[in-house]
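Welcome, and thanks for taking a look at this one with us. Below is a short briefing to read alongside the structure, arranged by topic.

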Amino acid sequence: MSKPIIGIMVHRKGLSFSEPKYFRDLSRAGERLGADVFLFSPADINLKARQIRGFTAKDDGSWSHRMYPWPQIVIDRYRRPGNDYMKIRTSSLFRYANNRFTNKWRITRMFMQESKLARWMPETIEYSGAGLNQMLKKHSLLYIKPGNGTGGSSIVRLKRTKAGYAILGRSRTLTKINRHFASFAELKGWLDQWTVKQSIRNGAFMIQQGVDLSLVEGRVTDARLLIQKTETGVWDITGMGMRIGAVGSSTSNLHGGGKAASFESVVEKRFGSEKAAEIRKECHELARTIVQVIESHFDPMMEFGIDIGIDVQGRVWLIEVNPKPGRELFKSIGDSSLYRKTVERPIQYAMYLARKQKQQS
Ligand SMILES: Nc1ncnc2c1ncn2[C@@H]1O[C@H](COP(=O)(O)OP(=O)(O)OP(=O)(O)O)[C@@H](O)[C@H]1O
Ligand SMILES: [Mg+2]
């Protein structure tokens, strides 16, 4: 039987790949699992010859390339916006394991309209001066973040204090921001400008109810759950871990100096094992409901990294859904068989799709 051919569309500049460690591991997993897996960028596609220049990782970590036949299934791991990419992605050239998704603000709005998800959703509105005023009347803690951002950039936390308003966060280039305003007018003046200056491709900013995530004293700590399709095409929760933010940071992001930890080491320590088991169960229920809701609006998906907030009372909140999730957290926790599973599953699912496609044709 011939091997299934699976292409992984990525960003590449020369031999510099956007996520080299993960891509090497994917390439090796393909070999181990008996598939022809290669990486390619939009520039590697030869439409006329219906061939693609594909890259694989050699044992010493360097890359080799050759021409491959057309892939049966493509996994899209391209994480930067760009015209070349969009042209390919919106065409019908390939069949994808992960279909197209949307941005943070649109998905948040969609989730807010789902009654099944209501109990997990922090209140969120589009940024405006009047909206800010309204939200501050209801919540003493707010997050203001781009509706189409990632990586913790351009996110600020706003705290209502006795002396006025405190802002803590990071700019688009991840420079720290720490400001105080005595009056609402000053705060609004600064935020009006900031949300325009920091806007990504003219996207809107959102104002979100802030949740107290200081499970570890003085640090923003949240959970990241990975849910993936398996080799038989069904959703399964691969794992969950915690990110513990740096002291003085308003987000838990690893790039901002956050640390990885196991769920147990944080949640059990804080709430005891019984309550921790309940919280875990609720996080799983949240994740399963999320993928069900998403697939009722979009074409089939492959995996999601779900950022979940667990507040100091043990309540569970949805923070964000990532359609192209990183694996760094699972690698840093040090459970190598879990990390391996997070890498193998996309390949196994793509192999399942390729087999199914063959049976149908
Ligand atoms: N409403 C909120 N309440 C409390 N903390 C929040 C809230 N929104 C965001 N955060 C904190 O900020 C972090 C980053 O927010 P979010 O996930 O929305 O942005 P991001 O830029 O996509 O980050 P990443 O790409 O790392 O997932 C969260 O993981 C959480 O620690
Ligand atoms: Mg996030």
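By class, how many nonpolar, polar and charged residues does the shell around ligand 1 have? The shell has six nonpolar, 11 polar and seven charged residues. Please keep in mind that this is a predicted model. The notes below begin with the ligand and then walk through two sheets, each with a helix to look at.

**Around ligand 1**

- There are 24 residues around ligand 1, and those that come nearest are Gly151, Gly152, Asp222, Asn253 and Glu320.
- Glu320 also offers a polar contact: an N or O atom in its side chain is 2.7 Å from an oxygen atom of ligand 1.
- For Asp307, an N or O atom in the side chain is 3.1 Å from an oxygen atom of the ligand.
- Ser252 takes part through its backbone, where a polar atom is 3.2 Å from an oxygen atom of ligand 1.
- Taken alone, ligand 1 exposes 610 Å², and the protein buries 97% of that area.
- Four strands give two or more residues to the shell around the ligand: S10 (141-146), S14 (205-209), S15 (221-229) and S19 (316-322).
- Which of the elements gives the most to this shell? That is S19, with three residues.

**The five-stranded sheet**

- Two of those shell strands, S15 and S19, belong to an open sheet of five strands, whose order is S17-S16-S15-S18-S19.
- The pairing in this sheet is antiparallel.
- Its edges are S17 (259-262) and S19, each of which pairs on one side only.
- On average, neighbouring strands here are turned by 35° against each other, direction ignored.
- S15 and S16 (residues 235-244) run antiparallel and are joined by nine bridges.
- If you would like a spot to look at in this pair, Lys229 stands opposite Trp235 in S16.
- Helix H7 (residues 273-297) packs on the sheet, where it touches S15, S16, S18 (303-310) and S19.
- The direction of H7 makes about 120° with that of S16.

**The six-stranded sheet**

- The other two shell strands named above, S10 and S14, sit in an open sheet of six strands, with the order S9-S14-S10-S11-S12-S13.
- Pairing is antiparallel in this sheet too.
- Which strands are at its edges? They are S9 (124-126) and S13 (176-181), and each pairs on one side only.
- From one strand to the next, the twist averages 20°.
- Helix H3 (residues 104-112) lies across S9, S10 and S14, and runs at about 130° to S9.

**Strand pairs within the six-stranded sheet**

- S10 has S14 on one side in the strand order and S11 on the other, so it makes a handy starting point for a tour.
- Five bridges connect S10 with S14, and the two run antiparallel.
- Within that pair, Tyr143 stands opposite Gln208 in S14.
- S10 is also joined to S11 (residues 155-161), by four bridges and again in the antiparallel sense.
- Here Leu142 has Leu158 in S11 as its bridge partner.
- From S11 the chain continues to S12 (residues 164-170) through a hairpin of two residues, and the strands pair in the antiparallel sense over seven bridges.
- Ile155 and Arg170 are bridge partners in this pair, with Arg170 in S12.

How values were computed. Residues numbered from 1 in each chain as written. Chains lettered and ligands numbered in written order. Predicted model: local features only at pLDDT ≥ 70, side-chain atom pairs only at ≥ 80, totals over all residues. Heavy atoms only, no water. Near = heavy atom within 4 Å. Polar contact = N/O pair within 3.5 Å; in protein donor to acceptor, adjacent residues only side chain to side chain. Areas by Shrake-Rupley, 256 points an atom, 1.4 Å probe, with all protein chains shown as cover. Nonpolar A, V, L, I, M, F, W, Y, C, P; charged D, E, K, R; others polar. Axes fitted to C-alpha atoms, helices over the stretch in contact; angles between N-to-C directions. Contact = heavy atoms within 4.5 Å.
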